Amino acid sequence: MSVLAAEDFLSTAERERVKGAIGAAEKRTSGEIRVHLEDHIEDEVLDHAAFIFEELGMHRTRDRNGVLIYLSVADRKVAVIGDAGINAVVPDGFWTDVVGVLKLHLAAGRHADGLCEAVHMVGEKLVSDFPLKQDDRDELSNEISFGRS
Ligand code: CA
Ligand code: CA
């Protein structure tokens, strides 16, 4: 079995679509969404996503409302985790719902659609508790990041 590399998972156009979905979501909320893709992982996915969250500096947003959508592409391990500010107001089941929707799309080969839908779901959730503020900055890049763990 050939191992799918994270950087080959999406075409250039699909990467732009995902980036655009993040930008669109962040026009309505102060929350910051990131998508991170890796080749594969041995670790438990939630633990590993928490590690990546720190490594990407996602805990440094003003309102502690960063959300990471993590995917290891070869084994289709998915985690969606939010910082303390958003975790305080989002029911636990919500992250599981987003993971479920993303996995359904991935299983059907709709990689970009799944990531865009996950971004959209998270964005809609963030809007009510963290509406956009006038002095909003793009605190975390909207570009997909890649790792080869
Ligand atoms: Ca922002
Ligand atoms: Ca951003």
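**Helix packing, a calcium site and two unusual loop residues**

In this predicted model, helix 1 meets helix 5 through E14, R17, V18, A21, I22 and A25. Their partners in helix 5 are A112, D113, L115, C116, V119 and G123. Helix 5 spans residues 111-129. The axes of the two helices come within 9 Å and cross at roughly 5°. Helix 1 is therefore roughly parallel to helix 5, because angles under 35 degrees count as roughly parallel. Two packed helices are described by the angle between their axes and the distance between the axes.

Helix 1 covers residues 12-26, and E26 belongs to it. E26 is buried, yet it has no salt bridge. R34 carries the nearest side chain of opposite charge, and that side chain is 8.0 Å away. A salt bridge would require a side-chain nitrogen of Lys or Arg within 4 Å of a carboxyl oxygen of Asp or Glu. Beyond its neighbours within four places in sequence, E26 contacts G31, E32 and I33. It is also in contact with L132, D136, D138, L140 and N142.

Two of these contacts, E32 and D136, are also donor residues of the calcium ion (ligand 1). The protein donors of this ion are E32 (OE), D136 (OD), D136 (OD) and R137 (O). They lie 2.1 to 2.9 Å from the ion. D136 thus appears twice in the donor list, each time through OD. In sequence, the donor residues are spaced E-x103-D-R. D136 is partly exposed, with a relative accessible area of 30%. R137 counts as exposed, at 56% relative accessibility. A second calcium ion (ligand 2) is 5.5 Å from the calcium ion (ligand 1). E32 coordinates both ions.

Backbone geometry sets two arginines apart for description. Most residues other than glycine have a negative phi, and most peptide bonds are trans. R64 has a positive phi of about 50° although it is not a glycine. R64 sits in the loop between helix 2 (45-55) and strand 2 (66-72). This residue is partly exposed, with a relative accessible area of 35%. R76 also has a positive phi, of about 55°, and is not a glycine either. The loop holding R76 runs between strand 2 and strand 3 (77-82). R76 is partly exposed, with a relative accessible area of 31%.

Key:
Residues numbered from 1 in each chain as written. Chains lettered and ligands numbered in written order. Predicted model: local features only at pLDDT ≥ 70, side-chain atom pairs only at ≥ 80, totals over all residues. Heavy atoms only, no water. Donors = N, O, S within 2.8 Å, 3.2 Å for Na, K, Ca; no water. Buried < 20%, exposed > 50% of the residue type's maximum accessible area, 1.4 Å probe, protein only. Helix = DSSP H or I, 4+ residues; strand = E, 2+ residues; numbered from the N terminus. Lys, Arg positive; Asp, Glu negative; His and termini not counted. Contact = heavy atoms within 4.5 Å. Axes fitted to C-alpha atoms, helices over the stretch in contact; angles between N-to-C directions. Parallel < 35°, antiparallel > 145°, perpendicular 65-115°, else oblique.
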